[in-house]
Amino acid sequence: MRGFLFGLSFMLAILAVPATAQETAHLSVDASKSGAKIDRNLFGQFAENLGHGLYEGIWVGPGSSIPNTRGIRNDVVTALKALKVPNVRWPGGCFADQYHWRKGIGPAAQRPATLNSAWGGVVDTNSFGTDEFMDFMQQIGSQPYVSVNVGSGTPQEASEWMEYMTAAQPTALAKERTANGHSDPYKVGIMGIGNESWSCGGDMTADYYVSQLKIYSRFVDNVNPSQKGSNHMLKIAVGPGFPETEWTEAVMKAWKSHDWSWDIDGLSLHSYTVPNGWPPSTPSVDFAIADYAKTLKSTLFMDELLRKQEAVMDKYDPDKKIALVVDEWGAWHAPLPGSNPSFLVQQNSLRDAILASLNLNIFARHADRVRMANIAQMINVLQAMILTDKEKMVLTPTYYVYKMYLPFQDANFVPVDFDPSTVHRDGITLPRVDALAAKDSSGKLWIEITNLDPGKPLEIDAEITGISARSARGETLTASAVDSVNTFAVPNTVVPKSISAIVKDGKLSLTVEPKSVTVISLEP
Ligand code: AHR
């Protein structure tokens, strides 16, 4: 009889185990501990004059049948406002070093048509210029990050552009801006001095760039009286786009011995996830789990890249005055079949959403030095937030990650102790779990959990101290497959769903789905 009962209970136990047995991750979060502020500028965007990023994605023109305000599409503005985008980098990218701002101001009919030789040699009507970009910034409630032309422009051209944008006194350029409909000076919060000057920005040596940097930093200034002192415009120097550190050495060494005449506030870093190397070949639709695993493995290199560059920055700037600004990052996949390869069109899947969460978590862990980042790019280009096709618009899985991460903007980093464990797929080993915690200005604790395992749910067993909580609630983002996407026809395949959990005796227990991103707040 005992043997029978033992056999029966053994069989019941087997039946009780779900088909995909669950793993457990033990986390420990002490809310009384805190680290650096997770600067909201880490959630910045990048809108280059490339493909349908600006034209069609943002600008349809005042005469369009697509609902718009002064030529800027209303659906896109509404979607972006909800993300509280802290800053938008414009007009490039490689395009910035060929852009001559004067061609993009004044009555639309009088603007010259030019060629966008950086991206496909297509005709550029210049209808979306400085005043339209500033209008877009005002409509979405964001701050301009303007990249000036160092490659094919001059310090004088850039200086006049800044004066056009920011002068309050009645100079000729300020009067021209007034005639173009904007009497108040614009606020330009951030200025990039060139772009990838080691490549498309002029193939310069580091020393040559440093000599240009000094001149631009000295002579190109924001003259808006409200942007002085602690509110001054941040000047960002070109930094590396590779793991080697010679470029960073050159810029930081020059900065260390700079005199009163010039200064910078940040050094940029570009790093795309291109798992098979250049040219990008990973498909953005209909891919296998092996592609998923390879892409995530590759994106995790961001942490090592930051460490390498930070080590050099720490040598010259131990007080961390200069921010490391990752102003181009994201997944760069193969062009979508049938699209113009110069337009860098790709779909955006659950894989990209998970990739975004991993990178945002890495940036947050480096928040004492990494204080700004711009995903590439905002609309219709690379790892976009939004895709449009004429009057249609769809929000991507990456958009939803940015929405879910809103509580982390300007929150204070709280360390999370956990063993990431490992998951093996197609010969690739990935961490099974990633996690981030932070306290917002009201003292509320937020926890993010990424389950990288494409096949198994993960039981979270978290010890929460330093705050009293009885429940947790938030949202989780997943879908049936790693390559699930949102399309114009079926836009809600990858959208966040509500999730809640009990906290008892300081223990939070919840199960997160395979291949998912979850953000929860701890509630009293
Ligand atoms: O984001 C696309 C391009 O990638 C940018 O123009 C350039 O800076 C980088 O190489």
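This report looks at strand β21 and its neighbours, then at the internal cavities, in a predicted model.

## Strand β21 and its partners

Let's start with β21, which spans residues 445–451 and has 7 of its 7 residues buried. Cover comes on both faces: Leu445, Ile447, Ile449 and Asn451 are buried on one side, and Trp446, Glu448 and Thr450 are buried on the other.

β21 pairs with two strands listed here, β20 and β26. With β20 (residues 433–439), it runs antiparallel and shares 7 bridges; aspartate 434, for instance, has threonine 450 as its bridge partner. The hairpin of β20 and β21 has 5 residues between the strands, and glycine 443 there takes a positive phi near 90°. With β26 (residues 516–523), the pairing is again antiparallel, over 6 bridges. Here isoleucine 449 of β21 is partnered by threonine 518.

## The largest cavity

Searching the whole structure turns up 3 cavities of 30 Å³ or more. The largest holds about 50 Å³ of space. Its lining has 14 residues, with Arg89, Gly194, Val238, Ser268 and Asp327 nearest the centre. β8 (143–148), β9 (190–193), β10 (234–237) and β11 (266–273) each give two or more residues to that lining. By class, you get 5 nonpolar, 6 polar and 3 charged residues.

## The second largest cavity

Next comes a cavity of about 40 Å³. Residues lining this second largest cavity include Tyr99, His100, Trp101, Asn149 and Trp161. Helix α4 (residues 155–166) gives the most to the lining, with 3 residues. The class split for the second largest cavity is 5 nonpolar, 3 polar and 1 charged.

Technical notes:
Residues numbered from 1 in each chain as written. Predicted model: local features only at pLDDT ≥ 70, side-chain atom pairs only at ≥ 80, totals over all residues. Heavy atoms only, no water. Buried < 20%, exposed > 50% of the residue type's maximum accessible area, 1.4 Å probe, protein only. Helix = DSSP H or I, 4+ residues; strand = E, 2+ residues; numbered from the N terminus. Pairing = 2+ DSSP bridges. 1 Å grid on protein atoms, 1.4 Å probe; cavity = no way out; pocket = protein on both sides within 12 Å on 5 of 7 lines; lining within 4 Å. Points joined across faces, edges and corners; volume = space filled by probe spheres on them. Nonpolar A, V, L, I, M, F, W, Y, C, P; charged D, E, K, R; others polar.
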